[in-house]
Amino acid sequence: MIHNSCWLDYDYKSSKPLDENIDTDIAIVGGGITGISAAYHLSNSTSDFVMLEGKSIASGSTGHGAGSLVAGLGLDLWQHIKYFGRRDGFLIYSATIDIIREMEALIKKDRLECGLEKSHGYYVVWEESQENMLHKEFKAVKDYGIKAKLIHKEKIKDELKINPRFTECLKYEYMSRVFDPAKFSRGLARDIKKKGIRIYENTNVIKIKKTKSHFKIETKNGTVTSKKLLLTTGSYLIKEAEIEDKRYSKEPDHAIVTKPIPKSILKEFKLDKPKLIWDTRIRYAFIRTMKDRILITGGERTINGLYEQLFHFFPGLPDVGVDYSWTCHEIWSEDARPSIGEDPKLKGMYYSMGYTWHGMTLGFLGGKLLSELCTNTVSSKSRHLLRLFKPKHEIKLV
Ligand SMILES: Cc1cc2nc3c(=O)[nH]c(=O)nc-3n(C[C@H](O)[C@H](O)[C@H](O)COP(=O)(O)OP(=O)(O)OC[C@H]3O[C@@H](n4cnc5c(N)ncnc54)[C@H](O)[C@@H]3O)c2cc1C
């Protein structure tokens, strides 16, 4: 078994590190999906910016994510309404659907080879006492206008050969896609570089100082002086630049990828078509099918627990074996509300973090919003989102 992300297990040629001093309008620190999205959106209107990435593009949580692109915050849709009200809950949901569509169009236009696939979402009830959660979700998605159907116990087996313990299931035309997050981010970085934008990899930022009008971003072999700074260092934010926000905690998250499974077995368990399955126990305990006849699963607290989860979902599944397993971090909060915007105290510093499981979608959205903010091109819909996600706590540079 390889203890690394399956997405990062190939030869990748990184860009050269920074070895000079640079003056620029905007510096982006962190080359995960958030930073890459910011760079991509900025590159449509300016080339006066640089990106500094400590290791390689997508080597952080992005390259360690499971690659599910799902709508909304890391919550059920009914919970969006509970926390944000119907109008704002729906607005957030539709913004994430739009961003997935934008990513899809971009993948097509730029021919990014990142294995994008559509998949059906199956939300299964872990135990009878949680059936009301599913009913609330069914009501909310219908109200929103998403095609969905409730499948009762006896009928589930027509869709999935799943543990009979799961008493009910909601199948919906969820805006759900799967892709390879490293190939996506690195492909986009390549295209951004073709426009003459400077991306430096293996360039760890050691210190950030704020003068009256500029940021001085220090690395081992050069300093970048910029008017604006986008801090897109994800869960590393807490280490490099502290944010005192008690709403957030940094949590480890794990994933495993099975060995290729014989077609006949996938067929028997009705896993031969793209599917993303999760349960009401915790929202991010999931199993998803991938190309190459493998399954990827996440959400349990340990790697062993993840493997056991497979057999819990699918009793009778043969011992298929594991090819990859890995652990990385993400930033989590109870109401899944990310912080996206300008630092309340440090003017000119912007950040986007706190995605609670849905960082692929929210990271791309966050990067887009940051780029709009620092080029003064915020649309009215974005303005409303930025109000909802406004950072409340300033970052302390260390
Ligand atoms: C196991 C697991 C599974 C997940 N599955 C999913 C999923 O299926 N769907 C989903 O939507 N989300 C998923 N997530 C969450 C998602 O991966 C993250 O929320 C998202 O990738 C965060 O992106 P980011 O760009 O903000 O941060 P990152 O990808 O972590 O990028 C930050 C970058 O900053 C760089 N950096 C840090 N410090 C410095 C420094 N001092 N100088 C220079 N560079 C620096 C890092 O090297 C890193 O590349 C998962 C997370 C984990 C851990």
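Helices here are DSSP runs of H or I with at least four residues, numbered from the N terminus. With that in hand, welcome to the tour; please keep in mind that this is a predicted model.

**Stop 1: the two domains**

Start by colouring the chain by domain. Select 8-65, 181-245 and 336-397 together, and you have domain 1 of the domain assignment. Then select 117-177 with 260-320, which make up domain 2. Taken over C-alpha atoms, the centres of domain 1 and domain 2 are 34 Å apart.

**Stop 2: around the ligand**

Next, show the ligand and the residues around it. The shell holds 43 residues, and the closest are Gly32, Gly60, Gly65, Gly234 and Gly359. Several elements give two or more residues to this shell: helix 1 (33-43), helix 2 (61-64), strand 14 (248-258), strand 18 (322-333) and helix 10. Which element gives the most to the shell? Helix 10 does, with four residues. Now colour the shell by residue type: you should find 26 polar, 12 nonpolar and five charged residues.

**Stop 3: helix 10 and its two ends**

Stay with helix 10 and select residues 359-374. From the first C-alpha of these 16 residues to the last, helix 10 reaches 21 Å, close to the 22 Å expected at 1.5 Å a residue. Is helix 10 largely enclosed or largely open? Of its 16 residues, 15 are buried, so helix 10 is largely enclosed by the rest of the structure.

Both ends of the helix are worth a look at the backbone. Most residues other than glycine have a negative phi. Ahead of helix 10, pick threonine 356, in the loop between strand 20 and helix 10. Its phi is positive, near 45 degrees, in a residue other than glycine. Threonine 356 has 23 C-beta neighbours inside 10 Å and therefore counts as buried, since the cut-off for that is 20 or more. After helix 10 comes asparagine 376, which also has a positive phi, near 55 degrees.

**Stop 4: the hairpin of strands 19 and 20**

Step back along the chain and select 339-342 and 349-353, which are strand 19 and strand 20. The two pair in the antiparallel sense over four bridges. Serine 339 stands opposite methionine 353 in strand 20. Six residues lie between the strands of this hairpin, and in the turn you will find glycine 348, with a positive phi of about 90 degrees.

**Stop 5: two hairpins that share strand 11**

Now move to strand 10 (residues 205-210) and strand 11, which run antiparallel and are joined by five bridges. Valine 205 stands opposite threonine 219 in strand 11, and four residues lie between the two strands of the hairpin.

Strand 11 has a second partner in strand 12 (residues 222-231), again antiparallel and joined by five bridges. In this pair, lysine 216 has threonine 225 of strand 12 as its bridge partner. This hairpin has two residues between its strands.

Show the side chains of strand 11, residues 215-219. Which residues form the covered face of strand 11, and which the uncovered one? Phe215, Ile217 and Thr219 are on the covered face, while Lys216 and Glu218 are on the uncovered face.

Before leaving, select asparagine 202, in the loop between strand 9 (198-200) and strand 10. Asparagine 202 has a positive phi of about 50 degrees although it is not a glycine. With 17 C-beta neighbours inside 10 Å, asparagine 202 counts as partly exposed.

**Stop 6: a three-stranded sheet**

Three strands in the order 3-8-4 form an open sheet with antiparallel pairing. Strand 3 (68-70) and strand 4 (117-118) stand at the edges, each with a single partner strand, so one side of each has no neighbour in the sheet. Strand 4 and strand 8 (residues 176-178) pair over two bridges, and glutamate 117 has valine 178 of strand 8 as its bridge partner.

**Stop 7: cysteine 169**

Finish at strand 7 (residues 168-172), where you will find cysteine 169. Is cysteine 169 buried or exposed? It counts as buried, because it has 22 C-beta neighbours inside 10 Å. Leaving aside neighbours within four places in sequence, cysteine 169 is in contact with Tyr122, Tyr123, Val124, Ile151 and Ile156. Add histidine 152 to your selection: histidine 152 and cysteine 169 are 17 residues apart in sequence and 6.5 Å apart in space, C-alpha to C-alpha.

Methods: Residues numbered from 1 in each chain as written. Predicted model: local features only at pLDDT ≥ 70, side-chain atom pairs only at ≥ 80, totals over all residues. Domains from an automatic or database assignment. Expected span 1.5 Å × (residues − 1). Buried ≥ 20, exposed ≤ 12 C-beta atoms within 10 Å, placed from the backbone. Pairing = 2+ DSSP bridges. Contact = placed C-beta atoms within 7 Å. Near = placed C-beta within 6 Å. Nonpolar A, V, L, I, M, F, W, Y, C, P; charged D, E, K, R; others polar.
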